[in-house]
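Have the sequence and the coordinates open side by side. The paragraphs below walk through the fold, from the whole chain down to single residues.

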Amino acid sequence: ERLVRVEKKGWRRPRRLPFRTYAEDWLEATAAKRAWSHNTRRAYRGGMRRILPFFGSMALDGIKPATVAAFTRDAIGRHGPTTVNQDLNLLHNIFATAVREELIDSNPAARPERPKTPDHERAWRVLEPGEVSRVLKAFTDERARLVFLTSILTAMRRSELVNLRWADVDFLSDTIHVRRAKSREGHRSIAVPKALSDALWSWKASTPYQTDRDYVFASRESGQRMNPDRWWNEHWKAALANAGVDGYVRPFHDARHSALTHMAANGSSPVAIMALAGHSSMATTKRYLHLAGVTFKDEAAALEQRLLGTNR
């Protein structure tokens, strides 16, 4: 009887959805929904170029954990562990959306076996307070020093610093408005400490690029956005060497890690740290905090007082 109804109504088995079609649609929809920056879109497209040759022609609902494991084995031979893990994260996010949309029953990339990342790649280098002071004094270029000071006191991303304009700096309220961020969650206002506010004011008075549309750290030659790879990285390495800071400290990113870590160690609330970082979830913020041996005693005492009404 069911077969007769199928025949009369002309029902047909739904056409299997290719992974390539779904993944490309997912990328465009997610980028629009989260208002990704140009650089974020470019990074995700790079991941797509690596995963689509393997999964592109497969049916979305035909990909199993064993398929993901085969991709991982193949990718390890061609890319480093960090890149492979990033591609596995991308797969996980694509399949997670497909599960929510009830296109597949489970996420085949939910718990993949991941390549081990070498210790030198996993360990973040957090600058100690004494090192921050020495590095700040070690710069021989005033613009480079100000870039570092802004980074270490605001935890702004590289792209946010590069795109910062004078219109984004409010000297009356001592606030920086981040309007060109990695995602919508990154749009935020950051309180500016007095030392940084004074330094920015002095810099504005000394630079020929002072209008609201001008970049704060504009190229001296053209007034266009700075290209850190051309000049700042060299000043950064020289300052680290002059300050006696050993080991590899990544430009921009480790200063951001340092700022967020020391905020936490100083007792700032997790919500405040998450807001400063421009993250949408605490899970992301946790990856930036390096708190071995740090305890939040004030928060523990406040919780005790709130719940038990005790005083010590």
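What follows starts with the chain as a whole, then turns to rings, empty space and backbone.

This is a predicted model. The protein chain has 15 helices and 3 strands. It runs to 312 residues, and buried residues make up 40% of them. Take the contacts in the chain with a separation of 6 or more: residues 24 or more positions apart account for 65% of these. The accessible surface comes to about 18600 Å². Carbon and sulfur atoms hold 51% of that area.

Turn to the aromatic rings. How many aromatic pairs does the count come to? The count is 14. One of them joins Phe54 and Phe55, whose ring centres are 4.9 Å apart. Their planes meet at 65°, so the pair is edge-to-face, a label that needs an angle over 60 degrees. These two sequence neighbours are not covered alike. Phe55 has 0% relative accessibility and counts as buried. Phe54 has 23% and counts as partly exposed, because buried requires a value under 20%.

Phe54 has another partner. With Phe71 it forms an edge-to-face pair, 5.5 Å centre to centre and with 65° between the planes. What does this pair tie together? Phe54 lies in helix H3 (residues 38–55) and Phe71 in helix H4 (residues 65–76), so the pair ties together parts 17 residues apart in sequence. Phe71 is buried, with a relative accessible area of 1%. Now widen the view. Ring pairs link Phe19, Phe54, Phe55, Phe71 and Phe95 into a cluster.

Phe95, a member of that cluster, leads on to Asp105. The two are 10 residues apart in sequence. In space their C-alpha atoms are 9.8 Å apart. Asp105 has its place in the loop between helix H5 (81–100) and helix H6 (119–122). Is Asp105 buried or exposed? Its relative accessibility is 82%, so Asp105 counts as exposed; the cut-off is over 50%.

A ring can also meet a charge. The charged end of Arg143 sits over the ring of Trp231. The distance to the ring centre is 3.8 Å.

Next, look for empty space. A search of the whole structure finds 3 cavities of 30 Å³ or more. The largest has a volume of about 40 Å³. Its lining includes Met156, Leu164 and Val178. Charged side chains take part too: among the lining residues are Glu160, Asp168, Arg179 and Arg180. Asn163 and His177 also line the largest cavity.

The second largest pocket holds about 240 Å³ of space. Which helices each supply at least two residues of its lining? They are helix H7 (129–138), helix H8 (142–154) and helix H12 (253–265). The largest share, 4 residues, comes from H12. Trace the wall on screen. Pro129 and Val132 line the pocket, as do Ile152, Leu153 and Thr154. Ser258, Ala259, His262 and Met263 belong to the lining as well. So do Asn266, Ser268 and Leu276.

Now the backbone. Most residues other than glycine have a negative phi. Asp174 departs from this, with a positive phi near 50°. Asp174 is found in the loop between strand S1 (169–170) and strand S2 (175–178). Its relative accessible area is 29%, so Asp174 is partly exposed.

Phe252 is another case: its phi is positive, about 70°, although it is not a glycine. Where is Phe252 found? It is in the loop between H11 and H12. At 4% relative accessibility, Phe252 counts as buried.

Phe252 also has a contact to follow. Asn233 touches Phe252, along with Pro228 and Pro251, leaving aside residues up to four places away in sequence. Asn233 has its place in helix H11 (residues 232–243). Asn233 is buried, with a relative accessible area of 16%. This contact joins two buried residues, Asn233 and Phe252.

Notes:
Residues numbered from 1 in each chain as written. Predicted model: local features only at pLDDT ≥ 70, side-chain atom pairs only at ≥ 80, totals over all residues. Heavy atoms only, no water. Buried < 20%, exposed > 50% of the residue type's maximum accessible area, 1.4 Å probe, protein only. Contact = heavy atoms within 4.5 Å. Phe/Tyr/Trp six-rings, centres within 6.5 Å; stacked < 30°, edge-to-face > 60°. Lys NZ or Arg CZ within 6 Å of the ring centre and 35° of its normal. Areas by Shrake-Rupley, 256 points an atom, 1.4 Å probe, with all protein chains shown as cover. 1 Å grid on protein atoms, 1.4 Å probe; cavity = no way out; pocket = protein on both sides within 12 Å on 5 of 7 lines; lining within 4 Å. Points joined across faces, edges and corners; volume = space filled by probe spheres on them.
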